[in-house]
Amino acid sequence: MLYSYFVEKSIRQSFDHVNSHRWDAAMKALAPHVHHRVSGAHALGGERHGKEAVRRWFERLGRVLPTLHLTVNHIWVKGWPWHTTVFAQWDGKATLLNGDASYVNRGLHVFTLRWGRVYALEEFYDSQAAAGGLAAQAAAGLEEAVAEQIVS
């Protein structure tokens, strides 16, 4: 289906924007009152409502895991333009500030789209691996890696 092709292309492009820290480009696909949730009791966890809070979260992601690279393995698109659900399965890798290149995480993003805009994004991944990586970043001097969650 042609619609699914364009949605998949757009989602892959969003991941490319995140990998390149192009936050303005990544934000364009979000609806004004987007709902973003990440599981885990760590600096990247929590729940946000609205583009400004999500922007602050993206900026923090770029600061606390600056070398994070997400590789999208599979994307599934279900629904029609007025209500689309997208599942994106990915692998993430990063080199931490202490030189450890073994940070690996694997996850699934669930997007809810309406007419091409992201209204909801929920991220599922190994939150213990994320918390461990963030703790290592904090131990290397990056205090924000263990800061309070960005919530709104």
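D24 sits out in the open: its relative accessible area is 53%, so this residue counts as exposed. Keep in mind that this is a predicted model. The side chain of D24 meets that of R55 in a salt bridge, with N and O 2.6 Å apart. That pair links distant parts of the chain, since D24 belongs to helix α2 and R55 to helix α3, 31 residues apart. There's a bit more going on here, as D24, R55 and E59 are linked in a network of salt bridges.

The structure holds 7 salt bridges. Here are some of them:

| Pair | N to O distance |
|---|---|
| R55 and D24 | 2.6 Å |
| E144 and R60 | 3.1 Å |
| E8 and R12 | 3.2 Å |

Take E144 and R60 next, whose closest N and O atoms are 3.1 Å apart. E144 lies in the segment after α4 and R60 in helix α3, so their bridge ties together parts that are 84 residues apart in sequence. R60 is buried, at a relative accessible area of 8%.

The bridge between E8 and R12 stays inside one helix: they are 4 residues apart in α1, so about one helical turn separates them. Both count as partly exposed, E8 with 27% relative accessibility and R12 with 30%.

Now for α1 itself. Its 18 residues should span 26 Å at 1.5 Å a residue, and the end C-alpha atoms are indeed 26 Å apart. Among its buried residues are Y3, V7, I11, F15 and V18. What covers the buried part of this helix? The cover includes helices α2 and α3, along with strands β3, β4 and β5. Just past α1 comes H21, with a positive phi near 60°.

Ahead of α1 lies M1, an exposed residue with a relative accessible area of 58%. M1 joins W80, W82 and W115 in making a nonpolar surface patch of about 580 Å².

Over in helix α4 (residues 127–139) you'll find Q137. Is Q137 buried or exposed? With just 1% relative accessibility, Q137 counts as buried. Leaving aside residues up to four places away in sequence, Q137 touches V64, L65, P66, L96, L97, L142 and A145.

Finally, a word from the records: an unreviewed UniProt entry places the feature "domain: SnoaL-like" at residues 11–119. In the model, that span is 26% helix and 48% strand, and its end C-alpha atoms lie 13 Å apart.

Notes. Residues are numbered from 1 along each chain as its sequence is written. This is a predicted model: local features need pLDDT of at least 70, side-chain atom pairs count only at pLDDT 80 or more; totals for chains, interfaces and linings use all residues. Side-chain values use heavy atoms; hydrogens and water are left out. Patches are made of residues with over 30% relative accessible area and no salt bridge: like charges are joined within 9 Å, nonpolar side chains (Val, Leu, Ile, Met, Phe, Trp, Tyr) within 5 Å. Accessible areas come from the Shrake-Rupley method with a 1.4 Å probe; for residues, only the protein chains shown count as cover. A salt bridge is a side-chain nitrogen of Lys or Arg within 4 Å of a carboxyl oxygen of Asp or Glu. Helices (H or I, at least four residues) and strands (E, at least two) are DSSP runs, numbered from the N terminus. Buried means under 20% relative accessible area, exposed over 50%, partly exposed in between (1.4 Å probe, protein chains only). The expected span of a helix is 1.5 Å times one less than its number of residues. Contact means heavy atoms within 4.5 Å. UniProt positions are given in the numbering used here, feature names are shortened, and annotations may be inferred rather than shown by experiment.
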